[in-house]
Amino acid sequence: MITIDKDCYGTIAIAWAICLAIGALVYFCIDPMWLKICLLTILLVFMCFVTWFHRIPVRTTVGSDTTVCSVADGKVIIVDEVYEPEYFQAPRLKVSIYMNFFDVHANFWPLTGEISYYKYHPGRYLLAFHPKSSDLNEHSSTVIRNFEGKELLFKQIAGTFARRIVCYSKENLPTVAGEQCGIIKFGSRIDMYLPLDARIEVKVGDKVRASETVIARL
């Protein structure tokens with residue numbers, strides 16, 4: 001079963017209203033008939049795509065309080081040890097996932113535990129796979145602490161066409177791996193920062209699915 005994200009009804013309604021207005025102009029003002037049909041078909045396909053894009057699939061999670069599952073669908077573009085300056089201010093293992101237009105853009109909690117830190121950062125809209133996008137683009141940062149006191153940070157990062165991030169994070173909020181934690185609209189990226197002793201289960205180039213792919217074991 002697939003549902004539509006409740007926070008996206010407004011976006012979908014605006015897209016449909018614009019398409020219907022353009023469609024009316026095409027219907028009454030464009031000739032010949034073959035061109036009219038082609039343009040109306042393109043508008044209909046676009047309206048369907050916008051609705052489908054904001055889908056929320058039902059997933060069976062592999063995550064737990066020690067098993068980290070993917071926050072998002074997409075492709076792994078970075079697996080590396082880096083310095084994390086915002087919260088840990090120390091080296092961490094970084095896993096980055098890039099979402100294209102056709103990936104599910106709903107996001108899901110990667111770990112069962114409790115939110116120990118949350119912050120929203122306004123910013124730019126560089127291409128999501130740009131190396132600087134993690135720091136310069138609009139993003140939200142969430143830290144989850146599991147029952148053993150281990151923490152991971154993940155960032156929802158806006159891309160060039162992603163102009164809104166929806167995030168359900170609040171400090172001290174309990175999290176359950178596999179439940180929805182938000183959505184990013186259009187092409188975007190997720191960065192995950194894990195403890196150095198975490199066992200990473202993915203590599204660059206892997207396709208991952210939110211909730212259903214193990215990213216690491218703590």
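Good morning. I begin with strand 7 and strand 8, the latter covering residues 139–145: the two run antiparallel and are joined by seven bridges. Within this pairing, Tyr117 has Val143 of strand 8 as its bridge partner. Please keep in mind throughout that the model before you is predicted.

Strand 7 itself spans residues 113–121, and it also pairs in the antiparallel sense with strand 11, residues 174–175, over two bridges. Here the bridge partner of Glu114 is Pro174 in strand 11.

These pairings belong to a wider arrangement. Eight strands form an open sheet with antiparallel pairing, and their order is 11-7-8-9-13-5-4-15. Which strands stand at the edges? They are strand 11 and strand 15, the latter comprising residues 207–208; each has a single partner strand, so one side of each is left without a neighbour in the sheet.

Further along the same order we come to strand 5 and strand 4. Strand 4 covers residues 74–84 and strand 5 covers residues 90–99; they run antiparallel, with nine bridges between them. As an example from this pair, Lys75 stands opposite Tyr98 in strand 5.

I turn now to another open sheet, this one of three strands, in the order 3-16-14 and again with antiparallel pairing. Its edges are strand 3, at 67–69, and strand 14, at 199–200; since each has a single partner strand, one side of each lacks a neighbour in the sheet. Strand 14 is joined by two bridges to strand 16, residues 214–217, and the two run antiparallel. In strand 16, Ala216 is the residue opposite Ile200.

Let us next consider a single residue, Val166, which lies in strand 10, residues 165–167. Is Val166 buried or exposed? Its relative accessible area is 7%, and because buried means under 20%, Val166 counts as buried. What does Val166 contact, once its neighbours within four places in sequence are set aside? The residues are Asp7, Gln156, Cys181, Gly182 and Ile183. Of these contacts, Asp7 deserves a further word: Asp7 and Val166 are 159 residues apart along the chain, yet their C-alpha atoms are separated by 7.6 Å.

Finally, I come to the surface. Helix 1, residues 9–29, contains Ile14. The relative accessibility of Ile14 is 54%, and because exposed means over 50%, this residue counts as exposed. Together with Ile18 and Ile22, Ile14 forms a nonpolar patch on the surface, and the accessible area of the three together is about 270 Å².

Thank you for your attention.

Definitions and conventions:
Residues are numbered from 1 along each chain as its sequence is written. This is a predicted model: local features need pLDDT of at least 70, side-chain atom pairs count only at pLDDT 80 or more; totals for chains, interfaces and linings use all residues. Side-chain values use heavy atoms; hydrogens and water are left out. Two strands pair if DSSP finds at least two bridges between them. Helices (H or I, at least four residues) and strands (E, at least two) are DSSP runs, numbered from the N terminus. Patches are made of residues with over 30% relative accessible area and no salt bridge: like charges are joined within 9 Å, nonpolar side chains (Val, Leu, Ile, Met, Phe, Trp, Tyr) within 5 Å. Accessible areas come from the Shrake-Rupley method with a 1.4 Å probe; for residues, only the protein chains shown count as cover. A salt bridge is a side-chain nitrogen of Lys or Arg within 4 Å of a carboxyl oxygen of Asp or Glu. Buried means under 20% relative accessible area, exposed over 50%, partly exposed in between (1.4 Å probe, protein chains only). Contact means heavy atoms within 4.5 Å.
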